[in-house]
Amino acid sequence: MISQRLRLPLPSLLLVVLATGWLFAGCGGGSSDNANSGARSQQSGADAPTSPMDPELAQAGVTELDLAGPHVPPADYFNPDGAAVTPALGGRVIQHIASEPPNLNFATENSAVIRWVLREIHSALLEFNLDTWEYDPTMATAYTVEDMVLLNEGGDQPDAVESSGQRMLYGNVTDDGDAYLLTPGSAHNTLPERRILKSEVESVQRGTVFTFDLRNDVLWHDGHPFDVNDVLFSWSIYSNPHVDCDEKRSTMAMLANAEIVGPDAIRFFYKEQYFRAIAVFDLAFTLLPSHLYNLNDPDNPDYNPDATDAEQGTYINENPHNLDWVGLGPYQLTKWERGRFLEAKKFDGFYNKDPAFSGYMDTLRWTHVDDDNLAFQALLNGEVDIFDRVKSEDFMGAATQQEVFTKNFYKSYTYLGSLGYTGWNLFRPHLSDVRVRTALAHAFDVKEWIRTNYEGLALPATGSQFWFGPGYNRDVKLLPYDIERAQELLAEAGWYDRDGNGIVDKDGEDLEIEFLMPSGNKASEKLLQKMQESYEKIGVSMKITAMEWAQFLERILDRDFDACNLAWALTDVESDPFSLWHSKEADPNRRTSNHSGLQDPEVDRLIDAIRKELDPDARHLLYMDLHARLYELQPYLFGWNVPKKIAFNRALHGVKLYKFSPGYRLRDMYYAEGTPGTRPLGSST
Amino acid sequence: MIPTMIGITLLLFVVMRLAPGDPATLAVGTVGMGAEGAAMQAESNMEDAITKFRKKYKLDEPLLVQYGYWIGSVARLDFGNEFFRPNVKVRDELWRRMQVTVPLSLVSVILSYLIALPIGILTAVKRGSVADKTATLSVFLLYSLPNFWAGLMLILIFGKTGLGWLPVLGLHDKDAASFTTFRYVMDVVHHAILPVAVLTYGGLAYLSRQMRGGMLEVIRQDYIRTARAKGLSERVVVYKHALRNSLIPVVTLFAGILPILIGGSVIVETIFTIPGMGLYAFEGLVQRDYNVVMGTVTASAFMTLVGFLISDVTYALVDPRIAYD
């Protein structure tokens, strides 16, 4: 899952960028479980490996519950008033947001906060289930996954269909000696069962044909029925170069073809076998109402059958409904006061009335406050009910212990898939040597830093995959803090103090590293000062350069840096390692997420294999090797996973904590029966 | 006025473009390559997206050509669209934001004058007295307080963590939409106390010193001595004969105080999360949204020039010797 921009602008916010599955931050397939007997599981999130509790983590205060996944702690685990209550309907919950989305069209806008809002006011063909880490059909009743058989030029199959200029057939493929046995895997697949000689086959691309049976009881928020044409249109916009969806275009382009196969059914063809293909049908595939966005739709008030691609593109980019969103979720946007808040109210036309699914509250509000200190004040003032950017010092300190806080709020935390790290620029000659990078890893005491700075409330990380997922190798342990070993490694690499100035040198040059950080980021500043102190002990000079985010980002992407302090926020159980680590993404002339510039044939081989591997167990083994290899190469000083610290209003019940941002879901929450402004379950609005 | 505006905007345009940081990189680069959703990508497409962004906003043109496009749009009263919300016109958003900032600034200006003038007069008339020394010390203290610090202190003192007397966020209560008109107005007043205080105190200090200086200069004049010699009361001497002439330097400051207030509103609106012009300019600057920055700066420059114009007109009102043909 991919790149998403946190609109960052404000200095109080950390870093942020992202790539496939990683949100550069300072910043999850599965089969349907109902009525899709033909579907095969493609994902393994729920089968994440479990290891015995690491004694060091246990000593640091990390509990089994912290590490557990996908299952969450019980609802209201941290709430002192958390005794079971009878849920009531109604009321309002206000979530703080640190940045405001530019608009709500996720096809053209990719900011992080937009997902939080859309999760409540929109829906998709599939939705990532935070409890099970599987993809559940939501706008679809069921889906099936089939294989694609690409025929070579000699392939004699008269009923072969064409997709992306290639003749092919699809169904469930099984190996049958010198042939493949192809059987229909979906009720909508009308191709007869057959044997195809392997000599006719160019390749078999497994898990690439997706057929969705759509719900026929869904309404857009303006009352217009949702249908298969909406889905087809929503897919088609990515092939229009005039639509501002460049950030998603290459991803969506992998859905090479789509066809309507019934009044409520649509089939998609994924270009090639890929382990995360299913994830494309989550919110990333933004469903747009054709009657409001498609100029060729007769139901559109601006209907224009002769509209050019350019006109259609502009119509989508500048559509007023990008702000005045008409979605499919259980809540509908009712008010957006720019710079202040967005507000959504329960949508009466939502197909599922069960509050456990569609939410208990009448109103959800997202209040925008840039500054975290002020946002905390807003919480204390009762302007917001949820503040999820509690600083470590406030979480541990007096700010959350004073009565004005404890009387109405409580604090909680949950580990998300974040990774704070120091990235080395491998294009810099002095950092291109793995011995130098390893020495730098030995010279900084990560455990001590976690203990002193986070009071143990952080997990050391040795890899870039989701800490709790099948791609993370927990057996790879941190390199020990060992100054002597660090000095040995430097000396092996030819770096020692020849001129007696206290700094190691080689070929007449001192080993000096410039660390870039975004200005105003106190956490980075504190860390870098500690690193500066640590590296001085091994004779490495470190210069800290703080700069504005815009300039910082430009220098990182231009690879005009030695080292930088950043964080990734992982948005999926498994993330595609390609964009972070593959050599193809290390081209010095291109701006990519592999800003370290790592180029390693073994890493490339493992990544290529992972991307094609559909078997979760086999893929897990590949991940383990990749993790170990990356840690050996030390392109980052892999850092730590700091939990998200969240303050909730004590009156909120049903609060469940998840391992994906923002770590909770408004739809879960309710007030206790009898709370003013609420009504008993079962009553109407 | 028009040549001045062109000069100001050209200078700002060039400075803005020469500043490090690239809006295209911010718009696309932060991202990475590809979309949310974990699908396969052969290669990242960041470069293409950056090129497209630059082309769309003509950022790939020479600087002067870009300025030509921009000034052409401005001539049609159009500042273009926001980079990051392409369906939002800067002009419309600016107008909306000015409706927040201008009233706040005006209230602050009026309060500044209302408080500063008596202080200035008093300290001039009672020069060297304890009152003069106390007032002088106080205004110097106020003048030297950075407004971001003062704003945060006021939040800590009057917000929930302190006395809990005043709201510290925005200009409206979370339930303001359901209030009666009277309650709504009172709510705004309540919310505006701290921001207006921060906007006011700096200008107040400055103005009172200017007023004091102006008054001191006037009361040394011969005609004041003459007035006293005539046996007029000190009150008549000060308020009838000295005041009007001593106002001239203070009136000239009117032009200067507007931009100071607008500048101050950047900080005040950011601290108190007030969605006004100042916050808009700040967000635009951080995001390198040239259209937003140029729009807000041009509006500020225009208001400054209008301030000068008002000053010139007021000269004639307060000093009959000045007349414009």
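Contact here means heavy atoms within 4.5 Å. Keep that in mind for the exercises below, and remember that this is a predicted model.

**Exercise 1. Work out the surroundings of A:Thr422: where does it sit, is it buried or exposed, and which residues does it touch?**

Step 1: Find the element. A:Thr422 belongs to strand E20 of chain A, which covers residues 418–424.

Step 2: Check the accessibility. Buried means under 20% relative accessible area. A:Thr422 comes out at 2%, so it counts as buried.

Step 3: List the neighbours. Leaving out residues up to four places away in sequence, A:Thr422 touches A:Phe515, A:Met531, A:Ala563, A:Cys564, A:Asn565, A:Pro635, A:Tyr636 and A:Leu637.

Step 4: Take one of those neighbours, A:Cys564. With 0% relative accessibility, A:Cys564 is buried too.

Step 5: Look for disulfides. Over all chains, the structure holds zero of them.

**Exercise 2. Describe the largest nonpolar core: which residues touch the most other members, and which helix gives the most to it?**

Step 1: Pick out the hubs. The core has 212 residues, and A:Phe212, A:Phe268, A:Phe281 and A:Tyr535 touch the most other members.

Step 2: Find the main contributor. Helix H19 of chain A (residues 616–633) gives the most, with seven residues.

Step 3: Zoom in on one hub. Apart from residues up to four places away in sequence, A:Phe281 touches A:Ala124, A:Leu125, A:Leu126, A:Phe210, A:Phe212, A:Leu255 and A:Phe268.

Step 4: Look beyond this core. There's a second, separate one of 23 residues, and its members include B:Tyr113, B:Ile121, B:Leu207 and B:Met215.

Step 5: Set this against the general trend. In soluble globular proteins, nonpolar side chains tend to be buried together. For a nonpolar patch on the surface, go to chain B: B:Leu106, B:Val107, B:Ile110, B:Leu111, B:Leu114 and B:Ile115 make one of about 500 Å². B:Ile110 is in helix H5 of that chain (residues 90–125).

**Exercise 3. Explain why the salt bridge between A:Glu272 and A:Lys612 ties together parts of chain A that are 340 residues apart in sequence.**

Step 1: Check the distance. The cut-off is 4 Å from nitrogen to carboxyl oxygen, and this pair meets at 2.9 Å, N to O.

Step 2: Place both ends. A:Glu272 lies in the loop between strand E14 (265–270) and helix H6 (290–293), while A:Lys612 is in helix H18 (residues 601–612), so the pair bridges 340 residues of sequence.

Step 3: Check exposure. A:Glu272 is partly exposed at 27%, and A:Lys612 is partly exposed at 34%.

Step 4: Zoom out. The count over all chains is 53 salt bridges.

Methods
Residues are numbered from 1 along each chain as its sequence is written. Chains are lettered from A and ligands numbered from 1 in the order in which they are written. This is a predicted model: local features need pLDDT of at least 70, side-chain atom pairs count only at pLDDT 80 or more; totals for chains, interfaces and linings use all residues. Side-chain values use heavy atoms; hydrogens and water are left out. Patches are made of residues with over 30% relative accessible area and no salt bridge: like charges are joined within 9 Å, nonpolar side chains (Val, Leu, Ile, Met, Phe, Trp, Tyr) within 5 Å. Accessible areas come from the Shrake-Rupley method with a 1.4 Å probe; for residues, only the protein chains shown count as cover. A salt bridge is a side-chain nitrogen of Lys or Arg within 4 Å of a carboxyl oxygen of Asp or Glu. Helices (H or I, at least four residues) and strands (E, at least two) are DSSP runs, numbered from the N terminus. A nonpolar core is a set of buried Ala, Val, Leu, Ile, Met, Phe, Trp, Tyr and Cys residues joined through side-chain atoms within 4.5 Å. Buried means under 20% relative accessible area, exposed over 50%, partly exposed in between (1.4 Å probe, protein chains only). A disulfide is a pair of cysteine sulfur atoms within 2.5 Å.
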